[in-house]
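Biologist: Got a minute to go through this one with me? Let's take the sheet first, then the cores.

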Amino acid sequence: MKLALKMLGRDWRGGELQLLFACLVLAVATVSGITHFSATLQASLMQQSKDFLAGSMVLSSPRPVSAEWLDEARSRNIKLSENVGMASMAYANEKMQLASLKAVSTGYPLRGQLRIADQPYSAESRVVQHGPAVGEAWLASSMASLLEISPGDQIEIGKTSLLFSKVLVDEPDRGFAMFSVGPRVMINLTDLASADLIMPGSRVSYRYQFDAADADMASYKAWLEPQLQDSHRLRTLDDAQPRLAEALQRAERFLLLAGSLAVMLSGLAIAMSAQRYCQRHFDHVAILKTLGMTEGRVLGLFATSLLLLALLASVVGGLAGFGLKSLFEQVFAEYLVDVAEVSLWRPWLFGLATAMVSLLAFAWPPLRALQKTSAMAVLRDLVPVDPLSQTLRLLIAGAGSVALLMIYTQSWFLSLGLLGGLAALTLVVGLLSRALLSVPRRFSRLASPLGLAWANLQRHRRHTQLQLMVYSSALMLVGLLWAVRSDLLDDWRASLPENTPNHFMVNVAEYEVENLRQQLTQAGVATETIFPMVRGRLTHINGESVRTQVTKEEQRSIDRELNLTWNDELPPKNVVEQGEWWRGDGSDGVSIESRLAERLGLGLGDELRFQIGADILDTKIQSIRSLDWQQMRPNFYFIFPTGVLNQFPATYITSVYLGAEQKPMLTGLMREFPTITVIEMDVIIAQINSTVDRVSQAIEIVFGLVLLATAAVLIASILASQRERRRDNALLRTMGGTSPLLWRACGWEFIVLGLAANLIACFGAELSLAAIQSQLLGIDPSFHPQLWLVLPAISIPVLVLIGIASSRASLYEPPVVLLRDS
Amino acid sequence: MIIAKKIVKTVTTRAGELTILQGIDLHIKPGESVAIVGSSGSGKSTLLALLAGLDNSTGGEIYLGEQPLHAMNEDQRAILRAERVGFVFQSFQLLQGLTALENIALPLELNRVEGAEQLAEQYLNKVGLGERGHHYPNQLSGGEQQRVAIARAFASQPSVLFADEPTGNLDGETGQRIADLLFDLNRDEDCTLVLVTHDDELAARCERRLRMQSGRLSEEG
């Protein structure tokens with residue numbers, strides 16, 4: 001151990017170990033940092049899902065549920081809250097308004113928070129962990145406007161009078177109820193009884209939130225489920241992922257994938273630097289053997305030395321990983337909630353395991369060769385015979401790589417898939433680089449910078465192939481992610497450009513349409529199309545009742561009043577996939593949204609019957625239309641031609657963009673149009689934009705890791721051939737090669753490598769992008785000319801800079817070393 | 001013509017400053033062949049490196065022809081070497097990535113000589129390896145590699161050829177043949193030859209023999 005420590009210190013001072021150490025630290029930091037962050041994100045998402053439900057599990061019912069069920073929950077120490085939702089009239093100021101009433105018990109919300117403000121449409125709000133106190137009511141801004149009341153006024157609900165104390169801005173379990181009957185009024189459950197609103201036949205929804213440790217929740221769920229009836233609906237965390245969580249989970253998966261590449265590249269750099277370390281110790285070992293050291297002791301000495309290095313790297317890498325995790329947490333700060341239970345040790349142990357597996361798989365084979373060095377090497381310049389066959393070395397490296405990926409991704413599928421992908425890439429790049437390197441170098445003068453560079457690349461054929469493989473795979477990934485990110489961002493920005501509508505106005509009466517349009521125009525607000533909306537129910541498909549035609553699951557989505565509209569023009573972002581848009585000859589049918597048509601198994605010409613009020617409307621499908629649901633505009637499943645729905649009572653809907661400075665005008669507008677309901681989407685849009693930005697930042701951090709790992713491989717591969725490079729450059733100098741010639745030759749070498757790697761990377765990225773665009777994103781494959789310009793423009797100078805910096809020592813080699821070599 | 005005046009070379013070691021050459025004076029006439037002999041560590045290779053402009057002296061003046069090597073930087077010396085100097089090393093020092101023919105053509109191209117490849121072929125024929133031009137160094141024997149190195153050294157038609165233990169890595173018979181080749185070509189090309197060797201037989205073939213001892217140079221017989 002003492003000897004190993006001494007050797008470690010000496011090698012460190014001699015500059016033999018820094019690169020190996022840096023690669024180990026990088027691998028450990030990547031694994032521990034990303035797994036740590038991933039665990040935090042998972043825990044946080046779980047917590048947020050609970051917030052989204054306002055508990056761990058929610059039971060909904062049209063009637064109060066059996067008291068026994070609730071008692072059972074209490075007896076299991078499960079926290080419980082209750083709320084009742086219904087439509088009710090609210091009175092104030094001699095005005096009345098239909099409200100979406102929600103009465104909440106003490107304890108609500110069990111998870112998540114309510115957001116309240118002191119004034120309607122105020123930009124300032126705060127979060128609280130409780131509902132209104134007894135005797136108080138919290139009103140949505142639009143409700144306060146409609147009733148023309150301010151906080152401090154009284155509001156009457158049923159038989160009780162309550163104090164309007166706060167403006168309700170947001171609630172955790174609001175969901176996405178765009179077309180609820182009216183603006184929200186939240187009261188205490190105790191006041192619901194005194195309001196005396198619930199009568200036989202009232203449409204009331206009872207919701208019970210439960211919260212406990214996962215195991216307790218699972219056992220209660222198992223107890224409860226067999227007793228549920230059709231009218232009951234139990235929602236758990238599995239079906240409560242907020243839409244944002246999807247984006248965050250995708251980001252996390254991406255971090256894992258891109259991080260895997262960083263880990264693999266670090267592994268490769270470890271293998272190369274360990275190989276170099278061992279090669280440089282062959283003479284040392286030969287001398288030790290002539291002095292009587294056994295093979296076992298040689299192995300022990302070097303293994304202990306490297307083990308100590310790995311331990312040190314684990315500590316430093318663990319700390320760096322913690323820093324990395326903190327960096328991610330800062331980026332995602334607004335999406336993370338406090339989670340205490342994420343272990344600090346687990347990620348670090350993963351990191352330690354990474355270091356150990358890396359050493360075992362990548363450093364052990366060269367160490368074995370070192371151990372077998374013959375003492376004869378002191379007498380003759382013998383190349384040690386590797387005791388392990390090439391196949392065995394490949395197998396060990398392959399097994400090590402899978403083990404590394406398993407530690408990191410915890411998924412066989414991902415690990416083997418990644419390794420398979422890399423193996424395929426290696427093969428393709430190997431073939432391509434072989435073809436490239438066989439191009440004769442007579443196209444350029446031998447003593448020109450390019451000629452020398454080419455000769456050097458051909459000479460270090462194996463290194464060149466390896467470098468090409470590493471750069472092209474790293475560049476391909478970087479290019480791929482950059483392009484996907486650009487595609488997605490462009491897609492988002494196209495659907496959510498500047499001034500995207502951020503407020504919906506619904507329940508606009510027909511006689512108000514023109515007036516509203518005028519008012520908005522006067523206020524400088526651009527108006528989108530104002531769509532008419534008729535509520536109707538789809539009852540029959542091809543003469544058969546819907547109930548017999550579609551699955552029970554689908555019934556739930558259409559067995560309700562649907563919003564039907566009419567329009568002469570195809571709305572923006574709608575594309576007719578099948579059939580044709582209106583002919584205008586009076587024979588036109590209906591246009592249906594493509595995903596709904598697919599779910600219901602509908603095709604062109606199918607006959608549909610709608611019930612609108614007491615009337616029946618028969619039509620047939622004339623076109624199937626796809627649309628972009630992400631856009632913040634009114635979207636419709638069914639669009640009719642003008643004239644078909646006109647006789648039915650319609651309300652109108654539109655969406656507008658209101659800047660922060662325009663928002664206060666809503667108060668006046670709501671007074672003038674009291675029946676209009678305004679749905680504020682600005683917060684959600686801001687949140688979506690911010691999420692996209694955050695995910696982009698996270699991608700950039702991981703890019704950084706991948707690039708660091710690529711740089712490590714680049715440096716390792718240059719150092720591996722350093723000795724030959726030094727000798728060659730000294731020789732060139734002896735024969736009259738000047739410094740500018742050598743520098744330029746070195747630069748050209750990396751330019752050629754960079755160009756070839758970029759060519760392969762861009763080509764590979766375009767192919768993969770075409771697949772991703774058509775298969776995953778559902779958009780037409782497109783060519784990315786920017787990729788072919790930006791990727792080489794950035795990567796080649798970086799490659800040349802790192803390459804020249806790492807080769808610097810060999811460029812200054814004085815020619816006199818050739819005599820010393822002799 | 002090579003003129004060295006009071007050359008001093010010192011290096012700094014952990015133990016302190018070490019003087020390798022202690023004020024060497026030397027005059028070599030054009031076309032002369034000179035052998036520098038001496039024991040290991042006596043400083044003969046260091047002197048060769050300084051005379052050839054491969055290294056800088058600590059003090060003194062060195063002229064190669066009219067050119068003051070001591071006043072030149074590394075790149076200026078490199079250009080001078082390309083024009084006027086040829087080398088043969090003990091361990092051949094061929095570029096492994098280039099063929100035999102390319103190794104010979106390289107210094108010609110560095111010196112921007114027209115028809116470098118044809119000239120390289122001529123010299124390859126002269127050293128008897130006309131058929132091996134497209135072989136890489138690792139496909140050639142030690143003796144063959146040294147022949148290529150000699151062809152490379154003479155191809156640029158240098159005014160001075162420096163050879164450092166040119167037969168040191170070869171067996172006796174091959175060494176003898178390489179020495180013959182070296183002296184034959186030297187005679188044909190009429191260039192100055194400065195060689196460092198342990199081999200008395202080789203040294204005896206030179207017109208002058210200089211002995212290096214503890215950093216000082218003396219003329220022999």
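Modeller: Sure. Keep in mind that this is a predicted model. In chain B, six strands make an open sheet, ordered β6-β7-β8-β3-β9-β10. The pairing is mixed.

Biologist: Which strands stand at the edges, and why is one side of each left without a neighbour?

Modeller: Those are β6 (85-88) and β10 (216-220) of chain B. Each has a single partner strand, so one side has no neighbour in the sheet.

Biologist: How much are neighbouring strands turned against each other?

Modeller: By 20° on average, ignoring direction.

Biologist: And how many bridges join β3 to β9 in chain B?

Modeller: Five, between residues 33-38 of β3 and residues 208-213 of β9 in chain B. These two strands run parallel. Within β9(B), R211(B) is opposite V37(B).

Biologist: Which helices pack on the sheet?

Modeller: One is α1 (residues 44-51) of chain B, which touches β3, β7 (160-164), β8 (192-196) and β9 of that chain. Its direction makes about 150° with that of β8(B). Another is α5 (residues 142-155) of chain B, touching β6 and β7 of chain B. The direction of α5 makes about 175° with that of β6(B).

Biologist: New topic. In the largest nonpolar core, which residues touch the most other members?

Modeller: L265(A) and A712(A), out of 189 residues. Domain 1 (1-50 + 245-410) and domain 3 (412-497 + 683-822) of chain A each supply at least three residues to this core.

Biologist: What is A712(A) in contact with, leaving aside neighbours within four places in sequence?

Modeller: A22(A), C23(A), L26(A), L265(A), S266(A) and A269(A). Another core, of 73 residues, lies apart from that one, and includes A144(A), L197(A), L600(A) and V678(A).

Notes
Residues numbered from 1 in each chain as written. Chains lettered and ligands numbered in written order. Predicted model: local features only at pLDDT ≥ 70, side-chain atom pairs only at ≥ 80, totals over all residues. Pairing = 2+ DSSP bridges. Helix = DSSP H or I, 4+ residues; strand = E, 2+ residues; numbered from the N terminus. Axes fitted to C-alpha atoms, helices over the stretch in contact; angles between N-to-C directions. Contact = placed C-beta atoms within 7 Å. Core = buried A, V, L, I, M, F, W, Y, C linked by C-beta atoms within 7 Å. Buried ≥ 20, exposed ≤ 12 C-beta atoms within 10 Å, placed from the backbone. Domains from an automatic or database assignment.
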